[in-house]
Amino acid sequence: MSNQQNKIQNPTTQLHKSPEMNDRDFINDMLATEKYMTASYSVALNEASHQPLYEDILNIFTETQNCQRELFNLMFKKGWYGFDAAEQQKLQQSYQQFQGYSNQFPYANTQMH
């Protein structure tokens with residue numbers, strides 16, 4: 001199977017090549033910044049002891065996460081962001097591995113009320 005067949009990606013929107021930043025570069029930079037910010041806000045949420053501050057950070061986190069998702073969707077739509085397709089065998093192995101973990105939970109065979 002060729003490398004192209006293992007790729008999940010839309011057709012790439014072509015850009016003019018130059019030393020200056022283009023639309024893809026700007027959006028990629030914004031996406032990286034939003035990812036960094038959501039990770040940082042997540043840490044802040046875990047450490048916030050003051051409820052009103054927690055709620056403010058949560059609102060900002062949600063807005064930032066939604067912005068990150070919109071930028072990701074735009075890059076994926078334009079073919080500037082792609083994925084390697086997972087092999088079926090690896091998916092099955094991961095499923096079986098985590099299925100085995102569920103048997104280790106203390107209340108695996110009982111219903112919690």
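**Exercise 1.** In which helix is Ala44 found? Classify the exposure of Ala44 in this predicted model.

*Solution.* Step 1: Ala44 belongs to helix α1. Step 2: its relative accessibility is 28%. Step 3: partly exposed covers the range between 20% and 50%, so Ala44 counts as partly exposed. As a supplementary distance, the C-alpha atoms of Ala44 and Gln93 lie 35 Å apart, with these positions 49 residues apart along the chain.

**Exercise 2.** Determine the helix that holds Ala39, and classify the exposure of this residue.

*Solution.* Step 1: Ala39 is located in helix α1. Step 2: the relative accessible area of Ala39 is 43%. Step 3: this value lies under the 50% limit for exposed and is not under the 20% limit for buried, and Ala39 is therefore partly exposed. For reference, a separation of 14 Å is computed between the C-alpha atoms of Ala39 and Arg69, which are 30 residues apart along the chain.

**Exercise 3.** Establish whether Thr64 is buried or exposed, and list its contacts beyond four places in sequence.

*Solution.* Step 1: Thr64 is part of helix α2. Step 2: buried requires under 20% relative accessible area; Thr64 has 7% relative accessibility and so counts as buried. Step 3: once neighbours within four places in sequence are set aside, Thr64 contacts Glu34, Met37, Thr38 and Tyr41.

**Exercise 4.** Describe the packing of α1 against α2: the angle, the axis separation, the handedness and the residue classes in the contact.

*Solution.* Step 1: the two helices, α1 and α2, pack at about 150 degrees, and their axes are 9 Å apart. Step 2: angles over 145 degrees count as roughly antiparallel, so α1 is roughly antiparallel to α2. Step 3: α1 and α2 form a left-handed crossing. Step 4: divided by class, the contact of α1 with α2 comprises 17 nonpolar, six polar and three charged residues.

**Exercise 5.** Identify the residues of the largest nonpolar core and the helices that supply them.

*Solution.* Step 1: six residues make up the largest nonpolar core, namely Ile27, Leu31, Leu71, Phe72, Met75 and Trp80. Step 2: at least two residues of this core come from each of α1 (23-47) and α2 (51-77). Step 3: α2 provides the largest share, three residues. Step 4: for one core member, Leu71, the contacts outside four places in sequence are Ile27, Met30, Leu31 and Glu34. As general context, nonpolar side chains tend to be buried together in soluble globular proteins.

Technical notes. Residues numbered from 1 in each chain as written. Predicted model: local features only at pLDDT ≥ 70, side-chain atom pairs only at ≥ 80, totals over all residues. Heavy atoms only, no water. Core = buried A, V, L, I, M, F, W, Y, C linked by side-chain atoms within 4.5 Å. Buried < 20%, exposed > 50% of the residue type's maximum accessible area, 1.4 Å probe, protein only. Helix = DSSP H or I, 4+ residues; strand = E, 2+ residues; numbered from the N terminus. Contact = heavy atoms within 4.5 Å. Axes fitted to C-alpha atoms, helices over the stretch in contact; angles between N-to-C directions. Parallel < 35°, antiparallel > 145°, perpendicular 65-115°, else oblique. Left-handed = near helix turned anticlockwise from the far one by under 90°. Nonpolar A, V, L, I, M, F, W, Y, C, P; charged D, E, K, R; others polar.
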